[in-house]
Amino acid sequence: MAPGGRTRSLLRLCCSALNKPPAGSGRFKSSGARDSAALQEHQRQHMARGLPRQKPIAGVKQVVVVASGKGGVGKSTTAVNLALGLTANEPSKSVGLLDADIYGPSVPKLMNLKGNPELTDNNLMIPLVNYGIPCMSMGFLVDDVAPIVWRGLMVMSAIERLLRTVDWGSLDYLVVDLPPGTGDVQLSITQNIPVAGAVIVSTPQDIALLDARRGAEMFKKVNVPVLGLVQNMSVFQCPNCQHQTHIFGSDGARRLAETLGVRFLGDIPLHLSIREMSDRGQPVVVSSPDSPEAAAYRAVASAVVQRIKEVAPDGQEVTE
């Protein structure tokens, strides 16, 4: 047979093989849903191989991470006021705050804390405390204006130190302020400690929502329950005429929550007092507890606690 004839014959054989249904394909079609679930479970088990075994933080009952896909959406301010809101709603509960943003720690400024942590006899760092909230941050370990120019391994080492060498005492909730994005720090924390759930902060703006969605999908991939979305800077009310303006858009985070099938935890307004009090190290939940802004944060804190109760320990939704 001529070379051209052999080539055409091989092509016909390949094409017929591709078009031929595989053996037992009817059986697969009839049990497609079951096979799909089995495949997903196999993939989950395969991904879990080689990952570090999760070890709880000593003394901490529940870890809540606060994340955002993009910087500048008010994540750290939300994390601080969430921690204070949890305490305000339930004074009997003990709450701590961990600043895991290695490159841009904000908790020292927001909580009006300075100084180096003291050490216990076991060489564990003792958190600094203000407003009844024990706090730990890389900002306590470096100068205020010193840039942290570290590669990934050094950052991971710092995260490990913040997770394992802090004496938190006994905490009902530890709120972790994650850095923006979906990088090494997020993966390291979610793979090394059990996380009760993630709170995702976004403005209603489309460009912020794109990254918020990526954040939500990342937590789903690493089997961390998404407790819900917080819509920050939702509306601006003029202090003179009381006219409301949706500077960053309207209800974008609420619609995204519906699309993702997760809970919408609440709106936080764009208000001058939140910015002023944050810059002074006097979060609005404690400096203006009777204000609508403080009430908004406390409502988010209540929604977070309710969602934690609804989520089973294995990250699966509790069904009635």
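Among contacts in the chain between residues at least 6 apart in sequence, what percentage join residues at least 24 apart? The share is 75%. Keep in mind that this is a predicted model.

**Figure 1. Here's the whole chain, with its 12 helices and nine strands.** There are 320 residues in the chain, and 43% of them count as buried. Now for the outside: the accessible surface comes to about 17,300 Å², and carbon and sulfur atoms account for 54% of that.

**Figure 2. Let's peek into the largest nonpolar core, a set of 83 residues.** Ile 189 and Phe 219 are the residues with the most contacts inside this core. Helix 12, running over residues 292-310, gives the most to the core: seven residues. In soluble globular proteins, nonpolar side chains tend to be buried together.

**Figure 3. Next up, a close-up of Ile 189 and the residues it touches.** Leaving aside residues up to four places away in sequence, Ile 189 touches Val 65, Ala 100, Ile 159, Leu 163, Val 176, Leu 178 and Val 195.

**Figure 4. Meet Asn 112, which has a positive phi even though it isn't a glycine.** The phi angle of Asn 112 is about 55°. You'll find Asn 112 in the loop that runs between helix 5 (107-110) and strand 3 (128-130). Its relative accessible area is 48%, so Asn 112 is partly exposed.

**Figure 5. Tyr 131 is another non-glycine residue with a positive phi, about 55°.** Look for Tyr 131 in the loop between strand 3 and strand 4 (133-137). Tyr 131 counts as partly exposed because its relative accessibility is 30%, which falls between the 20% and 50% cut-offs.

How values were computed: Residues numbered from 1 in each chain as written. Predicted model: local features only at pLDDT ≥ 70, side-chain atom pairs only at ≥ 80, totals over all residues. Heavy atoms only, no water. Helix = DSSP H or I, 4+ residues; strand = E, 2+ residues; numbered from the N terminus. Buried < 20%, exposed > 50% of the residue type's maximum accessible area, 1.4 Å probe, protein only. Contact = heavy atoms within 4.5 Å. Areas by Shrake-Rupley, 256 points an atom, 1.4 Å probe, with all protein chains shown as cover. Core = buried A, V, L, I, M, F, W, Y, C linked by side-chain atoms within 4.5 Å.
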